[in-house]
Structures are given as structure tokens and as C-alpha cells.
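Here is a set of questions and answers about one protein model. Each answer sets a value against its criterion.

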Amino acid sequence: MSLTLYFHPLSSFCHKVLIAFYENDVPFETKLLELGAEAEAEFLALWPIGKMPVLRDEKADRTIPESTIIIEYLAQHYPGPVELVPSDPDLALKARLADRIFDNYLQLPMQKIVTDRLRPEGECDPHGVADAKECLKTRYGVVDKSLEGNIWATGDHFTMADCAAAPALFYAQKVVPFDPQHQNLQPYLDRLMKRDSFARVLREAQPYFDMFPG
């Protein structure tokens, strides 16, 4: 098979890419990264930075890192009926902006909180965690307002922005619950979780959720 995705089932950024694959039924195989000696060496040979996910396209002899770029690559080279990157330039720009907001402004502070819980005793960063929690609360309000009148992140059509939003909101609300005054966030997350692609990702991750320090 041409496409191989290097991933871990708990990784939010890997979830984002898996959703894109499942939305358009793109054939691929996976390589689970336990980060043991052999797997780590093989993975680092492909992508020395060592961040997952990474897509390897053997047919094109290309290695594609970064979740957003992987989705862009799939949209360009393995398109399907769901237009994750809109063909309309203005809509594409809107989807790309929302994608960056979910990644940079929700996923990153969420990961700060989660990784701090994995640190050895005495090496935690309570000030950094408090800042991350406040960031999430503020950004929930921004996202909630942007969802007014929308079915999906940017309107009526499911895009790459929703691929990013699903794991970002799923994990973020586990560490900083939504404020009830934000009336759009929970219904939107509910719709995402009922979407076949994300529901499949969550089913596949279920055996690993006990490892999540949330």
C-alpha cells in the first residue's frame, strides 16, 4: 500500500489526520509508534524532529510531516467527496484560519496541562498550567462565538477545520470543562462525536484511554 501513517492512537494531532482519512475512505496503513528502540530509530530516520503524525507516500517517494500539511496533501493528491480544503479560495482561507486556531490556541495549552501531569514529582509547572487553563477559558469564548449559526466550524460544510476541532475540543474539555454560558461548544462537540469519522477514531483509541492522565 502506498500510504503509511506513523501515529499513536491517543495523539490528538494523529486523531485529526485519521478523521481526514476516514472522511474520504482513503486507503492507508498505520505504524504504531510506541517509541521503543526499533520504532523510534525507523521513525527518526524519516523525520528527525520526531513529532507525530508523519505520512509516508511510497508511490511518490515523499515523507509528509505535520497534521495540517498531511490533510492538505491528501486533499491535493487523494481527493474524495468531502472537500476538506474548500476549492473556493475565501472559504479555504477561512478553514485554514480555523484549523490554526484549534491547533495553536486550544491543542497547545491543552497539551501543556496534560504533559505537566506526566512530569516527575517536583518538576511540575503550576504557574504554566494555570496560565494554560486561563488561555483555554478565554479561547472557548472566541470559538463559541465563531460557531453561532454554524453546523460546522466554518459553516454548513465539514472541512479540515473540523478535523482539527474534534480532538482539540474532546481533550480540552477533559482538563478544563466548558463554561455553561458557552452554548455552542458542547452541541458542536456532540455533532463531531457523532460524525462517523471521529466516532471511529474514538472507538479505535478506546483501549488506550486509560493511559490519558485526564
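The turns below treat the sheet, the salt bridges and the aromatic rings of this predicted model.

Q: What makes the sheet open, and which strands stand at its edges?
A: Four strands form the open sheet, in the order 2-1-3-4, with mixed pairing. Strand 2 (29–32) and strand 4 (62–65) each have a single partner strand, so one side of each is left without a neighbour in the sheet. From one strand to the next, the twist averages 20°.

Q: How do you know that strand 3 and strand 4 pair?
A: Pairing needs at least two bridges. Strand 3 (residues 54–57) and strand 4 have four bridges, in the antiparallel sense. The criterion is therefore met. One of the partnerships joins V54 to P65 in strand 4. The two strands form a hairpin with four residues between them. In the turn, D61 has a positive phi of about 55°.

Q: What pairs strand 1 with strand 3?
A: Four bridges do, again in the antiparallel sense. At least two are required, so these strands count as paired. L3 stands opposite D57 in strand 3.

Q: Which residues show that both faces of strand 3 are covered?
A: On one side they are V54 and R56, and on the other L55 and D57. All four are buried. For R56 the relative accessibility is 12%, and buried means under 20%, so the label fits.

Q: Which helices lie across strand 1 and strand 3?
A: Helix 1 (residues 12–23) lies across strand 1 (3–7) and strand 3, running at about 155° to strand 1. Helix 3 (residues 67–77) lies across strand 1, strand 3 and strand 4. Helix 3 runs at about 130° to strand 4.

Q: Why is the contact of K16 and D103 called a salt bridge?
A: The limit is 4 Å from nitrogen to carboxyl oxygen. K16 and D103 meet at 2.6 Å, N to O, so the pair qualifies. K16 is in helix 1 and D103 in helix 4 (residues 89–117), 87 residues apart. The pair thus links distant parts of the chain.

Q: Are K16 and D103 buried or exposed?
A: Buried means under 20% relative accessible area. K16 has 0%, so K16 counts as buried. D103 has 3%, so D103 counts as buried too.

Q: What makes D99 and R100 a salt bridge, and which network do they belong to?
A: Their closest N and O atoms are 2.7 Å apart. With a limit of 4 Å, the pair counts. K16, D99, R100 and D103 are linked in a network of salt bridges. D99 is buried at 0% relative accessibility. R100 has 32%, which falls between the cut-offs of 20% and 50%, so R100 counts as partly exposed.

Q: Why is E58 called partly exposed?
A: Exposed means over 50%, buried under 20%. E58 has 46% relative accessibility, so E58 falls in between. The side chains of E58 and R56 meet in a salt bridge at 3.2 Å, N to O. The structure holds 13 salt bridges.

Q: Why is the aromatic pair of Y73 and Y78 called tilted?
A: The structure holds ten aromatic pairs. In the pair of Y73 and Y78, the distance is 6.4 Å centre to centre, and the planes are at 45°. Centres within 6.5 Å make a pair, and an angle neither under 30 nor over 60 degrees makes it tilted. Y73 is buried at 6% relative accessibility. Y78, at 24%, is partly exposed.

Q: What makes the pair of F170 and F209 tilted, and which parts does the pair tie together?
A: The ring centres are 5.9 Å apart and the planes at 40°, so the pair is tilted. F170 lies in helix 6 (residues 160–175) and F209 in the segment after helix 8 (196–205), so the pair ties together parts that are 39 residues apart in sequence. Both F170 and F209 are buried. Ring pairs link F170, Y171, F198, F209 and F212 into a cluster.

Q: How do you know that R200 sits over the ring of Y22?
A: The charged end of R200 is 3.8 Å from the ring centre. The distance limit is 6 Å. R195 also lies over a ring face, that of W152, at 5.2 Å from the ring centre.

Notes: Residues are numbered from 1 along each chain as its sequence is written. This is a predicted model: local features need pLDDT of at least 70, side-chain atom pairs count only at pLDDT 80 or more; totals for chains, interfaces and linings use all residues. Side-chain values use heavy atoms; hydrogens and water are left out. Rings of Phe, Tyr and Trp (its six-membered ring) pair if their centres lie within 6.5 Å; planes under 30 degrees apart count as stacked, over 60 as edge-to-face and the rest as tilted. Buried means under 20% relative accessible area, exposed over 50%, partly exposed in between (1.4 Å probe, protein chains only). A charge sits over a ring if NZ of Lys or CZ of Arg is within 6 Å of the ring centre and within 35 degrees of the ring normal. Axes are lines fitted to C-alpha atoms, for helices over the stretch in contact, and angles run from 0 to 180 degrees between N-to-C directions. Contact means heavy atoms within 4.5 Å.
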